[in-house]
Amino acid sequence: MAVGKQTANVTEWYGYTRETIIEETKNMNESEVLSAPIVEVIGLNKSYYRGNQIIPVLNDITFDICEGDFLALMGPSGSGKTTLLNLIAGIDKVDSGIIRVGGIDITTLSETELARWRGINVGFVFQFYNLIPVLTAFDNVELPLLLTNLPRKIRREHVEMALKVVNLADRMEHYPGQLSGGQQQRVAIARAIVTDPTILVADEPTGDLDRASAEEIMALMERLNAESGKTIIMVTHDPRAAGKAHTLKHLDKGVFNSDT
Ligand code: ADP
Ligand code: MG
């Protein structure tokens, strides 16, 4: 049986034809189309230990992030924003609770599995760019792809595409020291998207930038979300940056404010 015919039978089996699916999607409002959770956080707890002193950071946090959402996470310094971001990105380990990203409970993965998962599924943008100074923009962006089995020619295509998206195709051979802060952050964003990750996370990505560069970075994030449908989770202190997001959450002393 031809594959096309089989597919048609399966959709008919579930009572849907292509026409009814198109019709129903048309009738959905935007929030329904965005309703599939890509991140599910359930009963998350995290403390740090300094000697025998316990520092509770996140206290029984539960929330979802929808696929295609652009979430801004705000809150006073020390409220646990970076800790929460690092846990969702698989950089740090929970004390208890579940974090599902794309349906996978990352809290059950071993260190090795987690590192591999992160390489494919998470693009991370830091406040201070974290580029490697002795590598060119091209080589910095290629780094995450070295963990994949992609051949050199395909890697080059992906890197060139990512640098084009951030409008730096003409700076590929520049070193970080030869670029402005805003340009370095754009290289860091290219590095974060080059693997086409499930989630893009950013910890105060405009925190070290002047107003004009910050606006450029936010316009880029907005474009990645709107045009490529990237799910973005961004910590920020900047109300202008937060204004670009679709969902706003306020963290205070390890819990979400009730109005968010
Ligand atoms: P925010 O990003 O909202 O400013 P953080 O998540 O960085 O907050 O930190 C939350 C709390 O956890 C702070 O009190 C901080 O001092 C503490 N903390 C963060 N990381 C560590 C660590 N590695 N060891 C001990 N305490 C930490
Ligand atoms: Mg922080």
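# A walk through the sheet, its helices and ligand 1

Start by selecting residues 70-74, strand β3, together with residues 247-252, strand β9: the two run parallel and are joined by four bridges. You're looking at a predicted model, by the way. To see how the two strands line up, pick out Leu73, which sits opposite Lys249 in β9.

Now turn to the other neighbour of β3. Select residues 231-235, strand β8, and you'll find another parallel pairing with β3, again through four bridges. Here, show Phe70 and look across to Ile232 in β8, which stands opposite.

Go back to β9 and carry on to residues 255-256. This short stop is strand β10, which pairs with β9 in the antiparallel sense over two bridges. Highlight Leu251 and its bridge partner in β10, Phe256. What lies between the two strands of this hairpin? Two residues do, and Lys253 there takes a positive phi near 50°.

Time to zoom out. Colour the strands β6, β7, β8, β3, β9 and β10, in that order, and an open sheet of six strands with mixed pairing appears. Its edges are β6 and β10, each of which pairs on one side only. While the side chains are on display, here's a rule of thumb: in a regular strand they alternate between the two faces of the sheet.

Next, add the helices that cross this sheet. Select residues 81-88, helix α4, and you'll see α4 lying across β3, β7, β8 and β9, at about 150° to β8. Then select residues 181-193 for helix α8, which lies across β6 and β7 and runs at about 170° to β6.

Stay with α8 for a moment and try your viewer's distance tool. Its end C-alpha atoms are 19 Å apart, which agrees with the 18 Å that 13 residues should span at 1.5 Å a residue. Is α8 mostly covered or mostly open? Mostly covered: 11 of its 13 residues are buried. Among them are Gln183, Arg186, Val187, Ile189 and Ile193. To see what does the covering, show β6 (122-125), α6 (137-142), α7 (152-165), β7 (199-203) and α9 (211-228), which are included in the cover over those buried residues.

Now for the ligand. Centre the view on ligand 1 and display what surrounds it: Tyr48, Arg50, Ile55, Val57, Gly75, Ser77, Gly78, Ser79, Gly80, Lys81, Thr82 and Thr83. Which elements supply at least two residues each to this shell? They are β1 (37-50), β2 (53-66) and α4. You met α4 lying across the sheet; here α4 gives the largest share of the shell, three residues. Colour the shell by residue type and you get three nonpolar, seven polar and two charged residues.

One more stop: select residues 239-243, helix α10, and find Gly243 in it. Gly243 counts as exposed because it has 11 C-beta neighbours inside 10 Å. From there, jump to Met218, which is 25 residues away in sequence and 9.7 Å away in space, C-alpha to C-alpha.

To finish, show the whole chain, with its 10 helices and 10 strands. Colour by burial and the buried part comes to 34% of the 260 residues. If you draw the contacts with a separation of 6 or more, 70% of them link residues 24 or more positions apart.

How values were computed. Residues numbered from 1 in each chain as written. Chains lettered and ligands numbered in written order. Predicted model: local features only at pLDDT ≥ 70, side-chain atom pairs only at ≥ 80, totals over all residues. Near = placed C-beta within 6 Å. Nonpolar A, V, L, I, M, F, W, Y, C, P; charged D, E, K, R; others polar. Pairing = 2+ DSSP bridges. Expected span 1.5 Å × (residues − 1). Buried ≥ 20, exposed ≤ 12 C-beta atoms within 10 Å, placed from the backbone. Contact = placed C-beta atoms within 7 Å. Axes fitted to C-alpha atoms, helices over the stretch in contact; angles between N-to-C directions.
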